[in-house]
Amino acid sequence: MATVDALPGPFTFDPATTAVLVIDMQRDFMEPGGFGETLGNDVAQLRRVIEPTAALLAACRATGLTVIHTREGHLPDLSDCPPAKLHRGDPSLRIGAPGPMGRILIRGEHGHDIIDELAPAPGELVVDKPGKGAFYGTELGEVLTAAGIRSLVVTGVTTEVCVHTTVREANDRGYECLVLSDCVGSYFPQFQEAGLAMIAAQGGIFGWVAPSTSFIDALQPSLQRT
Ligand code: TIU
């Protein structure tokens, strides 16, 4: 077992039953011309998560920790995109419309894929999801059960949308969640702050929060001892 110095208190985990989730680090959210920008957001707000997440992935790969990536997006015929999502708001380009990185938020398009800096390594699972949560409409729950995973270390974008939805889904399914504060990002600084506070409040109502360096420090000695 390993322990991370976290809020609201120590987070204890067994690396053998822990997976790192990397949520939606896609060009559509992280780069100009994608879904995030069509919604009126400044995608530059998310860039700061790339470097710490790359360092985290390097440590996880060096120590053999399970890494799972997710991508939000839809089938080319939009049959898995509910009208309530398709017609929501007033984006400059709707889901499925042609943009500079291909059709917005459509599987197989350049914009839908994960940014080069955080590209999945061979053998790492990539879960395609139609919604905000990584469990809804995906194989994630079955994969985690089959692998005996009990704890999730959560990274990705955006903090208050897909990260929060996934952490909430995971809580109701019985997983212990640690959210890494510098590896999750929001377009809105106030939502980043509140989103992280909401995880650890009330004695850890949704889980724990810690910087990635604290998790890496806890991970490396524990695996060297086993
Ligand atoms: N808009 C926004 O903040 N996020 C999303 O639409 N999806 C994810 O968070 N991945």
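This briefing walks through a predicted model, taking in its nonpolar cores, its ligand site and a handful of residues worth a look. The ligand sits in a shell that includes Asp24, Val157 and Cys162, and the protein covers 93% of the 280 Å² of accessible area that the ligand has on its own. Two cis peptide bonds are worth finding on screen: one runs from leucine 7 to proline 8, the other from valine 157 to threonine 158.

**Nonpolar cores**

- The largest nonpolar core has 43 residues, and Leu178 and Phe215 are the ones that touch the most other members.
- Helix 3 (residues 50-63) gives this core its largest share, five residues.
- Apart from this core lies another one of 25 residues, with Ala19, Ala170, Val184 and Val209 among them.
- Beyond four places in sequence, leucine 178 touches Val4, Ala6, Phe11, Leu152, Val153, Val154, Trp208, Val209, Ala210 and Phe215.
- As general background, nonpolar side chains in soluble globular proteins tend to be buried together.

**The ligand and its surroundings**

- Around the ligand you will find Asp24, Phe29, Phe35, Leu39, Glu72, Lys132, Val157, Thr158, Val161, Cys162 and Tyr187.
- By type, this shell divides into seven nonpolar residues, one polar and three charged.
- On the side-chain side, an N or O atom of aspartate 24 is 2.7 Å from a nitrogen atom of the ligand.
- Backbone atoms take part as well: a polar backbone atom of valine 157 is 3.1 Å from a nitrogen atom of the ligand, and a polar backbone atom of cysteine 162 is 3.2 Å from an oxygen atom of the ligand.

**Cis peptide bonds**

- The bond from valine 157 to threonine 158 is cis, with omega near -10°, and both of these residues belong to the shell around the ligand.
- Threonine 158 itself is in the loop between strand 8 (151-157) and helix 6 (159-172).
- The bond from leucine 7 to proline 8 is also cis, with omega near 5°.
- Proline 8 lies in the loop that links strand 1 (2-4) and strand 2 (11-13).

**Positive phi outside glycine**

- Leucine 78 is not a glycine, yet its phi is positive, at about 60°.
- This leucine 78 lies in the loop between strand 4 (66-72) and helix 4 (83-86).
- Leucine 78 has a relative accessible area of 19%, so it counts as buried, the cut-off being under 20%.
- Glutamine 202 also has a positive phi, near 60°, but its place is in helix 7 (residues 189-204).
- Glutamine 202 counts as exposed because its relative accessibility is 68%, and exposed means over 50%.

**Aspartate 128 and its partners**

- Aspartate 128 is part of strand 7 (residues 125-129).
- Its side chain makes a polar contact of 2.8 Å with the side chain of arginine 71.
- Setting aside neighbours within four places in sequence, aspartate 128 is in contact with Arg71, Arg107, His112 and Thr138.

**Three buried residues**

- Threonine 18 is in strand 3 (residues 18-23) and counts as buried, at 0% relative accessibility.
- The side chain of threonine 18 reaches the backbone oxygen of aspartate 14 at 2.8 Å.
- Further along the sequence than four places, threonine 18 is in contact with Phe13, Leu65, Thr66, Ile149, Ser151 and Val153.
- Tyrosine 175 lies in the loop between helix 6 and strand 9 (176-185) and is buried, with a relative accessible area of 7%.
- Not counting residues up to four places away, tyrosine 175 touches Phe135, Gly141, Leu144, Thr145, Ile149, Arg150, Leu152 and Ala170.
- From C-alpha to C-alpha, tyrosine 175 and glycine 207 are 9.1 Å apart in space, with their positions 32 residues apart in sequence numbering.
- Alanine 97 is in the loop between helix 4 and strand 5 (98-99) and is buried, with a relative accessible area of 18%.
- Away from its neighbours within four places, alanine 97 is in contact with Gly102, Arg103 and Ile104.

Technical notes: Residues numbered from 1 in each chain as written. Predicted model: local features only at pLDDT ≥ 70, side-chain atom pairs only at ≥ 80, totals over all residues. Heavy atoms only, no water. Core = buried A, V, L, I, M, F, W, Y, C linked by side-chain atoms within 4.5 Å. Buried < 20%, exposed > 50% of the residue type's maximum accessible area, 1.4 Å probe, protein only. Helix = DSSP H or I, 4+ residues; strand = E, 2+ residues; numbered from the N terminus. Contact = heavy atoms within 4.5 Å. Near = heavy atom within 4 Å. Polar contact = N/O pair within 3.5 Å; in protein donor to acceptor, adjacent residues only side chain to side chain. Areas by Shrake-Rupley, 256 points an atom, 1.4 Å probe, with all protein chains shown as cover. Nonpolar A, V, L, I, M, F, W, Y, C, P; charged D, E, K, R; others polar.
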